[in-house]
There are 2 protein chains.
Amino acid sequence: MDAQRKDIVRSADTTLAVLEAIAFAEEALGVTQIAQRLSLSKGAIFRHLQSLVDRGFVAQDPQTSRYRLGVKASLIGRLAPPENDLIAAAEGPMRDIRDRTAITTVLSAPTTSGALVLNTVIGYRTIEIGVRKGSELPFHASAQGKVMLAFGPPALMERTLRLGLPPLTPHTITDPDRLVSEVNLIRENGVATAPEEALLGINTLAVPVFDRDSRLAGAVALCGSIQYLPANPDDGLFAMVREMASRISRTLGYGTRAGN
Amino acid sequence: MDAQRKDIVRSADTTLAVLEAIAFAEEALGVTQIAQRLSLSKGAIFRHLQSLVDRGFVAQDPQTSRYRLGVKASLIGRLAPPENDLIAAAEGPMRDIRDRTAITTVLSAPTTSGALVLNTVIGYRTIEIGVRKGSELPFHASAQGKVMLAFGPPALMERTLRLGLPPLTPHTITDPDRLVSEVNLIRENGVATAPEEALLGINTLAVPVFDRDSRLAGAVALCGSIQYLPANPDDGLFAMVREMASRISRTLGYGTRAGN
DNA sequence: AAACGCTGTTCTCGGGAGGAGAACAAGACG
DNA sequence: CGTCTTGTTCTCCTCCCGAGAACAGCGTTT
């Protein structure tokens with residue numbers, strides 16, 4: 001736990017961390033695995049798991065005695081309508097552009113703490129470059145994040161600057177003024193790149209997606225090696241990504257209401 | 001809270017309770033509302049909400065400063081595959097039978113502590129009788145629950161008997177022996193009723209749904225006043241409900257594998 | 001305008017709850 | 001049978017969480 005905020009309930013946070021660990025793991029997890037991932041004792045994790053099982057958020061496989069997501073978790077997901085549309089609306093266009101570029105495509109939505117990865121379509125090169133679903137990319141060190149700073153609510157930028165800009169690589173933007181001017185540029189161009197700002201050798205190209213209320217719904221991005229995604233990609237790629245985003249926005253209803 | 005188990009993490013449980021409250025409420029909730037629903041202080045609820053917001057499970061509406069489900073909640077729901085199929089597979093047949101009988105139809109899935117209500121299709125009489133999504137019906141005092149005891153894993157029955165059979169109405173089965181024999185009867189007939197066992201004046205008629213592994217996936221039920229659902233409904237209704245359940249089971253893949 | 005009645009948010013403080021760590025139980029291997 | 005693992009239980013001590021009150025903003029009321 002890095003930036004230990006002190007106005008949250010500690011054990012509640014670990015319970016949610018356990019829930020996330022189970023949700024975003026591809027296979028069922030055991031007590032020990034979760035314990036060492038979260039750096040907590042087995043006993044503590046066990047009791048948190050009991051709480052989650054008790055409420056039906058996770059279930060224990062009677063055969064292997066490992067833990068997986070429970071019924072209530074999926075039920076709750078169905079009751080949060082807006083983002084489902086985003087994932088569904090983006091599915092097709094994302095596959096399309098992956099097929100045309102062979103580059104991994106990533107869909108994210110804004111959160112208070114970063115760009116949450118909702119869905120990915122892995123490129124079909126030999127070397128696969130992906131982003132873990134459910135992970136959060138920092139606002140200042142990812143193309144998706146900077147898009148959200150540019151087109152999302154101003155509070156995001158304030159919060160980001162207030163929390164500081166920790167460097168992930170030597171190329172990460174750490175100067176507040178530079179971040180602000182870069183975000184202004186992104187707002188003009190409608191597209192962001194983040195060459196080697198999150199991970200050396202990797203670049204990302206992101207554009208915003210808007211909903212029917214003309215508000216930022218998320219961002220779609222291409223993510224790949226700097227071999228295929230140089231710091232200044234050619235205009236054809238820009239156009240392609242912009243067109244994908246506007247297809248998704250239109251599916252969400254963007255432009256169907258009289259905007260101001 | 002009623003049956004305070006002592007092997008769970010208390011504050012984790014309240015966090016999950018807050019999450020559920022928000023998820024199963026039809027509109028966004030405020031701190032005060034949640035606090036009085038859960039009988040906790042505003043300050044405590046506020047901090048739990050901070051934890052949930054911090055992890056992206058809930059989000060605060062910037063306009064009204066009320067809380068609703070966040071992005072991560074819906075994302076997690078998408079990652080729990082099995083039950084989604086159940087809800088989707090049952091949707092059509094449930095509507096059909098509601099249209100033919102005008103009686104409320106309810107879909108539930110087994111949990112360690114009861115029959116979780118996944119979806120409902122409200123009947124179109126003047127007096128509406130529904131069941132709240134996300135609520136859990138006790139195993140011993142609902143038709144759905146008894147179906148699960150009959151066709152689900154034996155551990156359910158053990159646990160239910162161990163925890164005791166609290167009466168909800170004068171008609172609730174409270175004698176363990178009677179529950180066992182009734183469940184055996186249900187296992188033979190493939191259908192359960194629970195006249196006035198959960199609520200006076202209300203009866204329920206439930207049948208099991210099975211998945212491709214021939215294991216219990218859930219139960220569908222008709223739920224209505226004893227005027228339309230007498231203690232011994234006519235055979236036509238039984239046949240109709242059985243047929244609905246087998247349609248759902250077939251959609252789930254039941255019967256496509258060589259059973260034993 | 002001033003007083004009110006609501007919110008959501010912050011503060012302090014004391015008691016008990018939750019985490020560490022070790023011990024136990026129970027399979028899975030060889 | 002011994003030796004690894006697991007998951008589960010136990011005890012103890014610290015510090016975290018909850019109650020309750022105070023604070024800060026809003027609308028509405030008189």
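H1(A) passes H4(B) in a left-handed crossing. That is where I want to start today. One caution first: this is a predicted model.

So, the pair across the two chains. H1 of chain A covers residues 10-24, and H4 of chain B covers residues 71-78. Their axes come within 9 Å and cross at roughly 40°. H1(A) and H4(B) are therefore oblique to each other. Which residues make the contact? From H1(A), take Leu19(A), Glu20(A), Ala23(A) and Phe24(A). From H4(B), take Lys72(B), Leu75(B) and Ile76(B).

Keep that pair on screen and compare a second one, this time inside chain B. Helix H7, residues 154-163, packs with helix H8, residues 176-189, in chain B. The angle is about 160°, and the axes are 11 Å apart. Anything over 145 degrees counts as roughly antiparallel, so that is the label for H7(B) and H8(B). Their crossing is right-handed. On the H7(B) side, the contact uses Met157(B), Thr160(B) and Leu161(B). On the H8(B) side, Pro176(B), Leu179(B), Val180(B) and Val183(B) take part.

Now over to chain A, and H7 there. Helix H7(A) spans residues 154-163, and Leu156(A), Met157(A) and Thr160(A) in it are buried. Why do those three sit on the same side of H7(A)? Because they cover an arc of only 95° around the axis. The general point is helical geometry: with 3.6 residues a turn, residues three or four places apart point the same way. Turn H7(A) round. The face away from its buried side carries Pro154(A) and Arg162(A), both exposed. What covers the buried residues of H7(A)? The cover includes helix H6, 143-151, and helix H8, 176-189, of chain A. Just after H7(A) comes Gly164(A), with a positive phi of about 90°.

Stay with H6(A) for a moment. How many of its 9 residues are buried? The count is 8, so "mostly covered" is fair for H6(A). The buried residues run through Ala143(A), Gln144(A), Gly145(A), Lys146(A), Val147(A), Met148(A), Leu149(A) and Ala150(A).

Next, the sheets. Chain B first. It has an open sheet of 6 strands, in the order E5-E4-E3-E8-E7-E6, with antiparallel pairing. The edge strands of chain B are E5, at 136-137, and E6, at 192-193, and each pairs on one side only. Helix H9 of chain B, residues 235-251, packs on this sheet. H9(B) touches E3, E6, E7 and E8 of chain B. The direction of H9(B) makes about 35° with that of E7(B).

Walk in from the E6 edge. E6(B) pairs with E7(B), residues 202-210, in the antiparallel sense over 2 bridges. There, Ala192(B) stands opposite Ala206(B).

Go to the other edge. E4(B) and E5(B) are antiparallel too, over 2 bridges. Leu116(B) stands opposite Glu136(B) in E5(B). One strand further in, E3(B) and E4(B) pair over 6 bridges, in the antiparallel sense. They form a hairpin, with 4 residues between them. In E4(B), the bridge partner of Thr105(B) is Val121(B). How many of the 7 residues of E4(B) are buried? The answer is 7 of the 7, so E4(B), residues 115-121, is largely enclosed by the rest of the structure.

Chain A, then. An open sheet of 6 strands, order E5-E4-E3-E8-E7-E6, antiparallel pairing. At the edges stand E5, 136-137, and E6, 192-193, of chain A. Each has a single partner strand, so one side of each is left without a neighbour in the sheet. E4(A), residues 115-121, pairs with E5(A) in the antiparallel sense over 2 bridges. Here the bridge partner of Ala115(A) is Leu137(A) in E5(A). Helix H9(A), residues 235-251, packs on the sheet. H9(A) touches E3, E6, E7 and E8 of chain A, and its direction makes about 35° with that of E7(A).

Last stop: Gln33(B). It is found in helix H2 of chain B, residues 31-38. Leaving out residues up to four places away in sequence, Gln33(B) touches Glu27(B), Ala28(B) and Arg66(B). Ala21(B) is 12 residues from Gln33(B) in sequence and 9.8 Å away in space, C-alpha to C-alpha.

That is the tour.

Key:
Residues are numbered from 1 along each chain as its sequence is written. Chains are lettered from A and ligands numbered from 1 in the order in which they are written. This is a predicted model: local features need pLDDT of at least 70, side-chain atom pairs count only at pLDDT 80 or more; totals for chains, interfaces and linings use all residues. Side-chain values use heavy atoms; hydrogens and water are left out. Buried means under 20% relative accessible area, exposed over 50%, partly exposed in between (1.4 Å probe, protein chains only). The arc is that of the directions from the helix axis to the C-beta atoms. Contact means heavy atoms within 4.5 Å. Two strands pair if DSSP finds at least two bridges between them. Axes are lines fitted to C-alpha atoms, for helices over the stretch in contact, and angles run from 0 to 180 degrees between N-to-C directions. Angles under 35 degrees count as roughly parallel, over 145 as roughly antiparallel, 65 to 115 as roughly perpendicular and the rest as oblique. A crossing is left-handed if the near helix is turned anticlockwise from the far one by less than a right angle, and right-handed if clockwise.
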